[in-house]
Protein chains: 2
Amino acid sequence: MSNPALNYRLRQFITDFAELLTKESAEPIVLEQGSQLLKQLIEHDDWLPDAFAQPHPDRYQQYLLHVDSAQRFSIVSFVWGAGQKTPIHDHRTWGLIGMLRGSELSQHYQRSVNQSLIPIGPAHQLQVGQVETVSPSTQDIHQVSNAYSDQTSISIHVYGANIGAVKRATYQPDGTEKSFISGYSNTLLPNIWDLSKEPATS
Amino acid sequence: MSNPALNYRLRQFITDFAELLTKESAEPIVLEQGSQLLKQLIEHDDWLPDAFAQPHPDRYQQYLLHVDSAQRFSIVSFVWGAGQKTPIHDHRTWGLIGMLRGSELSQHYQRSVNQSLIPIGPAHQLQVGQVETVSPSTQDIHQVSNAYSDQTSISIHVYGANIGAVKRATYQPDGTEKSFISGYSNTLLPNIWDLSKEPATS
Ligand SMILES: [Fe+3]
Ligand SMILES: [Fe+3]
Ligand SMILES: [Mg+2]
């Protein structure tokens with residue numbers, strides 16, 4: 001499914017996203033224009049190196065693809081094995097979620113007066129090519145699950161920080177918080193910067 | 001020689017370098033302040049992951065460590081096996097070279113009136129902890145060799161571009177140019193961004 005000659009897709013996305021964040025600091029604009037950039041990236045499912053698309057039998061994988069030098073943003077490939085899901089969790093920074101392969105369900109929650117978590121409407125399903133957002137200023141608490149019980153799904157996430165280093169929380173339905181730092185599943189990142197091995201495509 | 005708990009050294013260097021380039025655009029200031037940052041990084045030889053410190057029996061290695069999102073800079077670990085050397089070459093962007101381990105010799109050249117290359121003085125030797133610069137606006141053509149015929153040497157380089165993608169040249173002593181793009185020796189980069197596996201050191 002991947003081809004090193006197509007590394008320019010992710011490279012261009014990173015360059016464009018850095019330019020966006022240099023020009024715009026207002027979160028609504030970053031989310032709006034960032035969503036458009038992410039839609040362009042996930043329009044094609046031919047660029048994600050296979051090593052960053054592998055499910056794990058026991059747990060969903062979070063493969064870091066890139067962190068901005070100033071940690072203004074990070075890009076992560078989330079790989080959901082059949083039937084896998086996250087705990088209920090928050091992000092504490094803005095996030096963009098773009099569906100690359102398969103499909104996922106996202107259930108948002110809000111706090112009730114007694115601090116317990118109440119679902120906000122039904123879970124909604126993200127299809128290939130679609131992008132959704134999270135943000136502390138709108139909706140930041142959700143649970144994500146693979147929509148499929150028999151196949152892998154993959155979404156590409158962009159966050160307004162080095163997300164693997166952010167101190168945030170998982171939640172029980174009664175609202176009990178547990179502090180966590182997600183880290184990443186991978187110790188090696190893809191080198192998408194070597195143009196000597198590519199045709200002159202970008 | 002490496003310890004993942006010390007990833008914060010390279011991470012801090014990247015963050016500081018990005019901040020420098022956001023504040024300063026004048027090359028002499030970037031080279032002066034960037035040299036100070038690089039000196040701090042190479043003050044300790046305990047952070048370079050072993051995978052990016054391996055010599056190759058036949059040729060020097062160029063292990064990419066990081067590229068800035070906007071390709072404003074790149075960081076490369078150059079690993080010189082015993083007796084290895086580069087061809088005479090240029091860079092076409094500014095560069096900083098910091099000696100991490102061992103020692104290397106750098107011979108600079110200038111063009112004569114008939115275009116042939118003339119050495120500028122004798123080769124000078126870079127010792128652990130020292131930094132030198134290259135730049136199209138001062139001296140950009142040199143040849144680098146391991147100062148040792150019996151041990152590996154390693155220098156950390158910072159360039160004002162994604163150096164593996166820059167169209168530049170190697171030279172014969174008569175001045176004949178050959179176009180080249182160096183690329184990188186590695187297809188995977190170190191993930192230095194996972195703070196969940198580190199003590200709170202940074
Ligand atoms: Fe999430
Ligand atoms: Fe050089
Ligand atoms: Mg960057």
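The following paragraphs describe an iron site in chain A and a sheet with its packed helices in chain B, as seen in a predicted model.

A good place to begin is the metal. Three histidines of chain A, namely His89(A), His91(A) and His142(A), coordinate the iron ion (ligand 1), each through its NE2 atom, at 2.1 to 2.2 Å. Along the sequence, these donor residues follow the spacing H-x1-H-x50-H. Because His89(A) belongs to strand β3 (residues 88-89) of chain A and His142(A) to strand β9 (residues 142-146) of chain A, this pair ties together parts that lie 53 residues apart in sequence. Both His89(A) and His142(A) are buried.

Turning to chain B, an open sheet is built from five strands in the order β1-β2-β10-β4-β8, with antiparallel pairing. Its edges are formed by β1 (61-67) and β8 (131-134) of chain B, each of which pairs on one side only. On average, neighbouring strands in this sheet are turned by 25° against each other, direction ignored. Within the sheet, strand β2 (residues 74-80) of chain B and strand β10 (residues 153-159) of chain B run antiparallel and are joined by seven bridges. One residue pair can be picked out here: Phe78(B) has Ser155(B) in β10(B) as its bridge partner.

Two helices accompany these strands. Helix α1 (residues 7-23) of chain B packs on the sheet and touches β1, β2, β4 (95-101) and β10 of chain B; the direction of helix α1 makes about 135° with that of β2(B). Helix α2 (residues 27-42) of chain B, in turn, lies across β4, β8 and β10 of chain B and runs at about 15° to β4(B).

Key:
Residues numbered from 1 in each chain as written. Chains lettered and ligands numbered in written order. Predicted model: local features only at pLDDT ≥ 70, side-chain atom pairs only at ≥ 80, totals over all residues. Heavy atoms only, no water. Donors = N, O, S within 2.8 Å, 3.2 Å for Na, K, Ca; no water. Helix = DSSP H or I, 4+ residues; strand = E, 2+ residues; numbered from the N terminus. Buried < 20%, exposed > 50% of the residue type's maximum accessible area, 1.4 Å probe, protein only. Pairing = 2+ DSSP bridges. Axes fitted to C-alpha atoms, helices over the stretch in contact; angles between N-to-C directions. Contact = heavy atoms within 4.5 Å.
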